[in-house]
Amino acid sequence: MKEEINDFVEAFYRFTLQEIHRVGDPFYCTASIKISDARNHLFHTSDCLQTDEAEDIYALSDLCMVDEEMQTVPNRQRMFRIARNYWRE
């Protein structure tokens, strides 16, 4: 199960990183990501303007953090917390 969680987080991280590069500055955009199928790593962008965890939609700005080099990167810890919605340890 731990391996499935790590695989999900890695796939979610890569997808989120692509979206960060696509939009430029995720803190000033309205982009969001919908998790269509966590176990098969299916994600897509959504028109929703804010996070709606009940619908598995996360605002891009809620998935990001600024690292020590002042670069905007996906927040892995947040993604591990999201993974708990799909896998129970």
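Modeller: Four salt bridges are found in a search of the whole structure. This is a predicted model, in which local features need pLDDT of at least 70, side-chain atom pairs count only at pLDDT 80 or more, and totals for chains, interfaces and linings use all residues. Residues are numbered from 1 along each chain as its sequence is written, and side-chain values use heavy atoms, with hydrogens and water left out.

Biologist: What makes the contact of Arg 22 and Glu 19 a salt bridge?

Modeller: The term requires a side-chain nitrogen of Lys or Arg within 4 Å of a carboxyl oxygen of Asp or Glu. Arg 22 and Glu 19 meet at 2.7 Å, N to O, so the pair satisfies that definition. Both residues lie in helix H1, three residues apart, about one turn of the helix.

Biologist: Why is Glu 19 called buried?

Modeller: Buried means under 20% relative accessible area, exposed over 50%, and partly exposed in between (1.4 Å probe, protein chains only). Glu 19 has 8% relative accessibility and therefore counts as buried. Arg 22, at 55%, is exposed.

Biologist: How do you know that Arg 78 and Glu 53 meet in a salt bridge?

Modeller: Their N to O value is 3.6 Å, so the cut-off is met. The pair links distant parts of the chain, 25 residues apart, with Arg 78 in helix H2 (residues 76-83) and Glu 53 in the loop between strand S2 (42-46) and strand S3 (57-59).

Biologist: Why is Glu 53 called partly exposed?

Modeller: Glu 53 has 44% relative accessibility, so it counts as partly exposed. Arg 78, at 16%, counts as buried.

Definitions and conventions
Helices (H or I, at least four residues) and strands (E, at least two) are DSSP runs, numbered from the N terminus.
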